Amino acid sequence: MRELLLPFVLMFLISCQSEDMADSSNVTPGSVNITSVVQASYINKYTEGVSVQLNGYKISISSTGLPDHKTPYWGEGHEMYEDFPGANHANMNTTMISFNYVMTIPTYPGEGSYKEQTELGPVGMALNGVPIYNDYEGGGVLQENAWSTFDATGAHPGPREDYHYHTEGTYLTVDDSNLIGFLRDGFPIYGRQDMDGTYPGDLDENGGHETVTSDFVEAIYHYHVSNEMYSTSGLYVIKSGAYHGTKGTFTQ
Ligand SMILES: [Zn+2]
Ligand SMILES: [Zn+2]
């Protein structure tokens, strides 16, 4: 009898353990320390609005969320104003305001025990401190009425006048291998190419893979801007799908 029961007891124990792991916010740290790249990248890119604080096993990046480049959303008359890229645009009366954003990410980003889908709102922060959003807007995936409001850099303000990027544009990356920022799980995100100029062919369902990059001499998981054109927009979404790691906080 005891021999018969043992396999069931073991199965029960194993299933309990895996549930605990899925619910746990404890993440196994990765092996690569991102501190020096975060410090060098964010601070070199935009010294005025962005600062980096080290808190032991976490890094906090603070920003105003305002861009360091031209956009119609500065408003006519502003020195950084420029018109929309195309004739078809909307939302011209919307402006953008500054925030006190703080994104907190792990010093050693690790793979999550489960892969949480990205949601509405900030999924990461570009190197100039502007939030990165995924392919969702309000009630669903990006539609033409949303992408017609994008400026040349693939960004627009939301209903709270919160300026953010959705797609590749003329600033962060233009079909290249630029480091453009970090997502909330602490993993870096690059343009559509790898550093050797090729388009990665082995991306997982979350748009990433683990190799060395121009910034990391040790192999690290990193995302890429999508290489699939988004619908008929002519645009390439920066990030869709789930996080590879476990997302940290993004407050305002
Ligand atoms: Zn948006
Ligand atoms: Zn890559």
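This report walks through two zinc sites, several paired strands and a number of aromatic residues in a predicted model.

**The two zinc sites**

The model holds a zinc ion (ligand 1) that is coordinated by E137 through OE and by H156, H164 and H166 through NE2. A zinc ion (ligand 2) is coordinated by D194 through OD and by H209, H222 and H224 through NE2. The table sets out the two sites side by side.

| Ion | Donor residues | Distances | Angles between donors | Arrangement |
|---|---|---|---|---|
| zinc ion (ligand 1) | E137, H156, H164, H166 | 2.0 to 2.1 Å | 84 to 155 degrees | irregular |
| zinc ion (ligand 2) | D194, H209, H222, H224 | 2.0 to 2.1 Å | 93 to 126 degrees | tetrahedral |

Why is the arrangement around the zinc ion (ligand 2) tetrahedral? The four donor atoms subtend angles of 93 to 126 degrees, and four donors count as tetrahedral if all angles lie between 85 and 135 degrees. Around the zinc ion (ligand 1), by contrast, the four donor atoms subtend angles of 84 to 155 degrees, which makes that arrangement irregular. As a point of reference, the ideal angle for four tetrahedral donors is 109.5 degrees.

The spacing of the donors along the chain can also be read from the sequence. For the zinc ion (ligand 1) the donors follow the spacing E-x18-H-x7-H-x1-H. Within this set, H156 lies in strand β8 (residues 155-157) and H166 lies in the loop between β9 (163-165) and β10, so the pair ties together parts that are ten residues apart in sequence. Both H156 and H166 are buried. For the zinc ion (ligand 2) the donor residues are spaced D-x14-H-x12-H-x1-H, and of these donors H222 and H224 are buried.

**Y136, beside a zinc donor in sequence**

Y136 is found in strand β6 (residues 136-137), and with a relative accessible area of 39% this tyrosine is partly exposed. Leaving aside neighbours within four places in sequence, Y136 is in contact with L120, V141, L142 and H166, and H166 is one of the donors to the zinc ion (ligand 1). Although Y136 and L120 are 16 residues apart in sequence, their C-alpha atoms are 6.1 Å apart in space.

**Strands and their partners**

Strands of a sheet pair through backbone hydrogen bonds, either parallel or antiparallel. In this model, four strands form an open sheet in the order β1-β2-β3-β14, and the pairing is antiparallel. The edge strands are β1 (50-55) and β14, each of which pairs on one side only. Inside this sheet, strand β2 (residues 58-63) and strand β3 (residues 101-106) pair over six bridges, with S63 standing opposite Y101 in β3.

How much of strand β10 (residues 179-183) is buried? Five of the five residues of β10 are buried, so the strand is largely enclosed by the rest of the structure. Strand β4 (residues 124-126) pairs with β10 in the antiparallel sense over three bridges, and A126 stands opposite G181 in β10. Strand β11 (residues 188-190) also pairs with β10 in the antiparallel sense over three bridges, and here the bridge partner of L179 is Y190 in β11. β10 and β11 form a hairpin with four residues between them, and G186 in the turn has a positive phi of about 95 degrees.

**Aromatic residues and a buried histidine**

The structure holds nine aromatic pairs. One of them is formed by F99 and Y101, which are stacked at 5.0 Å centre to centre with 15 degrees between the planes, and both of these residues are buried. Another pair, Y163 and Y165, is edge-to-face at 6.1 Å centre to centre with 70 degrees between the planes, and both of its members are likewise buried. Ring pairs link Y163 and Y165 with Y73 and F84 into a cluster. A ring also meets a charged residue in this model, for R192 lies over the face of Y236, at 3.6 Å from the ring centre.

Is H244 buried or exposed? H244 lies in the loop between β13 (220-224) and β14 (250-251), and it is buried, with a relative accessible area of 8%. Leaving aside neighbours within four places in sequence, H244 is in contact with E111, G112, K115, D185, F187, D204, Y221 and Y223.

Note on methods:
Residues numbered from 1 in each chain as written. Chains lettered and ligands numbered in written order. Predicted model: local features only at pLDDT ≥ 70, side-chain atom pairs only at ≥ 80, totals over all residues. Heavy atoms only, no water. Phe/Tyr/Trp six-rings, centres within 6.5 Å; stacked < 30°, edge-to-face > 60°. Buried < 20%, exposed > 50% of the residue type's maximum accessible area, 1.4 Å probe, protein only. Lys NZ or Arg CZ within 6 Å of the ring centre and 35° of its normal. Helix = DSSP H or I, 4+ residues; strand = E, 2+ residues; numbered from the N terminus. Contact = heavy atoms within 4.5 Å. Donors = N, O, S within 2.8 Å, 3.2 Å for Na, K, Ca; no water. Tetrahedral: all angles 85-135°; square planar, octahedral: opposite > 155°, others 65-115°. Pairing = 2+ DSSP bridges.
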